[in-house]
Amino acid sequence: MSFTGKYELQSQENFEPFMRAIGLPEDQIQKGKDLKSTTEIVQDGKKFSMTITTGSKVIKNQFTIGEENEVELMNGQKVKVMVQMEGNNKLVAESKGMKSVTELNGDIITYTMTVGDITLKRVSKRI
């Protein structure tokens, strides 16, 4: 199953508490909570390129499954992470006490990030 495509955010849960937990300033949380976000994914075998656009902010990350890569988080912090593929539709990564799972089901991507006992869930649909 290929992740390649462009996806638009449909819904999100726990955005504000999660962003506070990762240290995002309150003014940025309030500005970002209602912005529509699009994610463009290009998959070439085990290599992935993801471009996340939220308002005027753009985060671009590239990674290869099973190799250590540096990625930028939503708070601008750069971390080393190793992304693993589970089955043919789930990407899992852990770094600095945060776990990220990206799961593709048909035209829907569900993205969950957990830090401590707070989980951010974002659902996006292929456009």
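# A tour of the strands, rings and core

Begin by selecting Thr64: its relative accessibility is 12%, so Thr64 counts as buried, the cut-off for that word being under 20%. Keep in mind throughout that you are looking at a predicted model. Thr64 belongs to strand β4. Now show what surrounds this residue. Leaving aside residues up to four places away in sequence, Thr64 touches Lys46, Lys47, Asn69 and Val83.

**Stop 1: the sheet**

Switch to a cartoon view and follow the strands. How many strands form the open sheet? There are 10. Walking across, you meet them in the order β4-β3-β2-β1-β10-β9-β8-β7-β6-β5, and the pairing is antiparallel. Your starting strand, β4, is an edge strand, as is β5 (68-72); each of these pairs on one side only. From one strand to the next, the twist averages 25 degrees. In general, the strands of a sheet pair through backbone hydrogen bonds, in either a parallel or an antiparallel way.

**Stop 2: strand β5 and its partner**

Select residues 68-72, which make up β5, and show the side chains. Which of them are buried? Asn69 and Val71 point to one face and are buried, while Glu68, Glu70 and Glu72 point to the other face and are not. You have already met Asn69, as one of the residues that Thr64 touches.

Next, add β6, which pairs with β5 in the antiparallel sense over five bridges. Look across from Val71 and you will find Val79 of β6 standing opposite. The hairpin of these two strands has five residues between them, and there Gly76 takes a positive phi near 90 degrees.

**Stop 3: strands β9 and β10**

Select residues 108-115 for β9 and residues 118-126 for β10. These two strands also pair in the antiparallel sense, over eight bridges. To see one facing couple, pick Ile109 and find Ser124 of β10 opposite.

**Stop 4: the aromatic rings**

Now select Phe3, Phe48 and Phe63, which ring pairs link into a cluster. The structure holds two aromatic pairs. In the pair of Phe3 and Phe48, the ring centres are 5.6 Å apart and the planes stand at 75 degrees, so this pair is edge-to-face. Phe3 sits in the segment before β1 (5-13) and Phe48 in strand β3 (residues 47-54), so the pair ties together parts that are 45 residues apart in sequence.

How are the rings of Phe48 and Phe63 arranged? They are stacked, with 5.1 Å centre to centre and 5 degrees between the planes. This pair links distant parts of the chain too: Phe48 is in β3 and Phe63 in β4 (residues 57-64), 15 residues apart. Are these rings' residues buried or exposed? Phe3 and Phe48 are both buried, and Phe63 is buried as well.

**Stop 5: the core**

Select Phe18 and Met19, the residues with the most contacts inside the largest nonpolar core, which has 27 residues. The elements giving two or more residues to this core are α1 (15-21), β3, β6 (78-86), β7 (90-95), β8 (98-105) and β9. Around Met19, look for Leu24, Ile29, Met74 and Leu120; Met19 touches them, not counting residues up to four places away in sequence.

**Last stop: an annotated stretch**

Finally, colour residues 5-22. An unreviewed UniProt entry annotates this stretch as "domain: Cytosolic fatty-acid binding proteins". Its end C-alpha atoms lie 28 Å apart, and the span is 39% helix and 50% strand.

Notes: Residues numbered from 1 in each chain as written. Predicted model: local features only at pLDDT ≥ 70, side-chain atom pairs only at ≥ 80, totals over all residues. Heavy atoms only, no water. UniProt positions renumbered as here; feature names shortened; annotations may be inferred. Helix = DSSP H or I, 4+ residues; strand = E, 2+ residues; numbered from the N terminus. Phe/Tyr/Trp six-rings, centres within 6.5 Å; stacked < 30°, edge-to-face > 60°. Buried < 20%, exposed > 50% of the residue type's maximum accessible area, 1.4 Å probe, protein only. Pairing = 2+ DSSP bridges. Axes fitted to C-alpha atoms, helices over the stretch in contact; angles between N-to-C directions. Core = buried A, V, L, I, M, F, W, Y, C linked by side-chain atoms within 4.5 Å. Contact = heavy atoms within 4.5 Å.
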